[in-house]
Structure formats: C-alpha cells, structure tokens
Amino acid sequence: MSRQPTIDAVVLDIEGTTSSLRHLRDRHFPYSRARIAEFTRRGTPEIRSLLDETARMAGQPGATDAELAATLQRWVDEDAKTPPLKALQGMIWAEAYAAGELMAHVYTDVPVALRMWRDEGVRVHTFSSGSVQAQRDWFRHTDHGDLLPLLARCFDTRNAGPKADPDSYSAIGRAIEVPPSRILFASDRPAELDAARRAGMRTVGLQRPENPPTDFGEHPWGRDLADAWAAAGCRSSDSLFCKRSDVVAEATRRLSSLNAKEL
Ligand SMILES: CSCCC(=O)C(=O)COP(=O)(O)O
Ligand SMILES: [Mg+2]
C-alpha cells in the first residue's frame, strides 16, 4: 500500500510558477500600461463599470476618466493585483494576441507536465490574480502552442477570492468538487501556499532558477513542475508509475514461480 498522498486535481499559480515573472514584467505589463488611456476612452458599458470599480477601490469618487486611467497606470507600476486592473489588462491582451503583438510564456516543463497529468486523470486548474479571460488567452497563445485544452478551470480573485485567503482555496475545492486533501496547489509565493495549506490542500513551492531564492518554510519545493510533483511526494489515482510497479511486481512473481517449477 502506497503512503504517497493521492491527488485528483492540481491547481497552478501562473506568474512565477508556470510562467516567467520577467516575461510578464518586461512584455505584458508595459504593453497594457501603454494602452490603458486609450481603452478607458472607449466608454463601453464594460469599461464604464471597471472605471466605476476603480474609483470605489481607489477612494476617488467624482474622479475624471483621465484621473482613473492614471490610477490604473499607477497600479501597473506598483504591480497591484486589483480586479478592475486585471480585467482591463485581460481585454487589452486579448487584442494584442489577436493582432499577433504578444505571445504568452510557459516554461518548457509545463506542456510536458500538463500532458502527464491529463494521461493520469489528474485535472489541472489555474488560480491567478490575472482575470479568467487573461488566463484562458494566456494558455491559448503560448510559445508552446495552444495549451488551453489541457486545463479544466481557471480561478481568479473574482470567482475564488484573494490568493492569501484560505477561504479562496476552500471555494476552489467546492467548485471543482474535490476534497482539499486530494488537491495539490503549486505557487512561487509562500503566503499563497500557507493559505492553501490552511484550507487543507497539499502544497508545493516553485523555485524557478531565474528568481531569487525563496524560503518555502515547511512546504516542499521544486525547480520545475516534474521536480515539484516529485518533491510533493504525490501520486495520481491512476498513476502510470503505480501501474508500472504493479506490472513489474506481477512479472517478478510469475518469473519466480516459473523458476521454481524449472528447478
Ligand atoms: C496570465 S494571467 C496574467 C497574470 C497577471 O496579470 C498576474 O498578475 C499574475 O499573478 P499570479 O497570481 O499568477 O502570480
Ligand atoms: Mg505567482
């Protein structure tokens, strides 16, 4: 009987986990910053409602749209993960992908791990500060092709909650109908791992070599997804590894009984 915890679902953070922090900071964030003013002038009901939300969150009642655009740009500079900014960025990036002006980045181990989990019946979800639209478009336009079909659901701070709040992870568990103890959450941020663990999930840190060393405390950690899966010591309920070990055990048993007969 294996002592490895069985995992039915993996939840992946994006920035710093599946994808390069530097890529977002060098490409996507500046691209969105440069287009915020133009987008806010479009005046569609969706943009209007994001500007109203920005005014409420920033405590700027009665601010002009230009002042609110400046607030949104300041949030980009501060890397503030506010929902209206993240929603607006998702809309800006959608047009950028369609125009062929941006590509998303995933580390080379990501498509490999996503396919391994798919083959083993482990459902993979994402949980990011980026909006659901931004996440879906991201995986649809990666430098490794369209990976969206390998993902089940995307969660953000609107449909799950803040990433450092254990309740958000409980909400994800309920939404995907998997007990937290059978979910593995992977992130580069210890505060997110702590919150997931408080909700009862298994956790693993991602120390991407390009990022400064992180103290993950008691969370196991790895340098890529395969390494992290191994470090977490988990197995899927349909693990190829376990199937292979069963086959090897059966073959050994048969061989020894054959040998015994021959002797
Ligand atoms: C790929 S979706 C956009 C990512 C983003 O805007 C962001 O702030 C990433 O935050 P995360 O929670 O994935 O670390
Ligand atoms: Mg992250």
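Axes are lines fitted to C-alpha atoms, for helices over the stretch in contact, and angles run from 0 to 180 degrees between N-to-C directions. Helices (H or I, at least four residues) and strands (E, at least two) are DSSP runs, numbered from the N terminus. This is a predicted model, in which local features need pLDDT of at least 70 and side-chain atom pairs count only at pLDDT 80 or more, while totals for chains, interfaces and linings use all residues. Residues are numbered from 1 along each chain as its sequence is written, and chains are lettered from A and ligands numbered from 1 in the order in which they are written.

## Overall organisation

The chain contains ten helices and eight strands. Of its 263 residues, 37% are buried; a residue is buried if 20 or more other C-beta atoms lie within 10 Å of its own, exposed if 12 or fewer, and partly exposed in between, with C-beta atoms placed from the backbone. Two residues are in contact if their C-beta atoms, placed from the backbone, lie within 7 Å. Among contacts between residues at least 6 apart in sequence, 67% join residues at least 24 apart.

The chain is divided into domain 1 (6-19 + 106-237) and domain 2 (22-98), with bounds that come from an automatic or database domain assignment. Their C-alpha centres lie 26 Å apart. Domain 1 gives 13 residues to the contact between them, and domain 2 gives twelve. On the side of domain 1 that touches domain 2 there are one nonpolar, seven polar and five charged residues. In this classification, Ala, Val, Leu, Ile, Met, Phe, Trp, Tyr, Cys and Pro count as nonpolar, Asp, Glu, Lys and Arg as charged, and the others, Gly among them, as polar.

## Two helix pairs

The axes of α1 (residues 21-40) and α4 (residues 83-98) come within 9 Å and cross at roughly 100 degrees. These two helices are therefore roughly perpendicular to each other; angles under 35 degrees count as roughly parallel, over 145 as roughly antiparallel, 65 to 115 as roughly perpendicular and the rest as oblique. From α1, the contact uses H28, Y31, S32, R35, I36 and F39, and from α4 it uses L88, Q89, M91, I92, W93 and A96. By class, these residues are eight nonpolar, three polar and one charged.

A second pair is formed by α5 (residues 109-119) and α9 (residues 225-232), whose axes come within 8 Å and cross at roughly 50 degrees. That angle makes α5 oblique to α9. Here D109, V110 and A113 of α5 meet L225, A226 and W229 of α9. The residues of this contact divide into five nonpolar, no polar and one charged.

## The surroundings of ligand 1

Where does ligand 1 lie with respect to domain 1 and domain 2? Both domains give residues to the shell around ligand 1, so it lies between them. Of the 15 residues around ligand 1, those that come nearest are I14, E15, S128, S129 and G130; a residue is near a molecule or strand if its C-beta atom, placed from the backbone, lies within 6 Å of it. The shell comprises four nonpolar, six polar and five charged residues.

Helices α4 and α6 (132-140) each supply at least two residues of this shell, and the largest share, three residues, comes from α6. Within α6, the residues A134, Q135, D137, W138 and F139 are buried. The buried residues of α6 pack against α4, β3 (123-127) and β4 (154-155).

## Residues in loops

Three loop residues are set out below.

| Residue | Loop | C-beta atoms within 10 Å | Class |
|---|---|---|---|
| Q60 | between α2 (45-58) and α3 (65-78) | 14 | partly exposed |
| D79 | between α3 and α4 | 13 | partly exposed |
| E177 | between α7 (166-176) and β5 (183-187) | 8 | exposed |

Q60 touches A55, E67, L68 and T71, not counting residues up to four places away in sequence. The C-alpha atoms of Q60 and T71 are separated by 9.3 Å, and the two residues are eleven residues apart along the chain.

Most residues other than glycine have a negative phi, and most peptide bonds are trans. D79, although not a glycine, has a positive phi of about 55 degrees. E177 is likewise a residue other than glycine with a positive phi, near 55 degrees.
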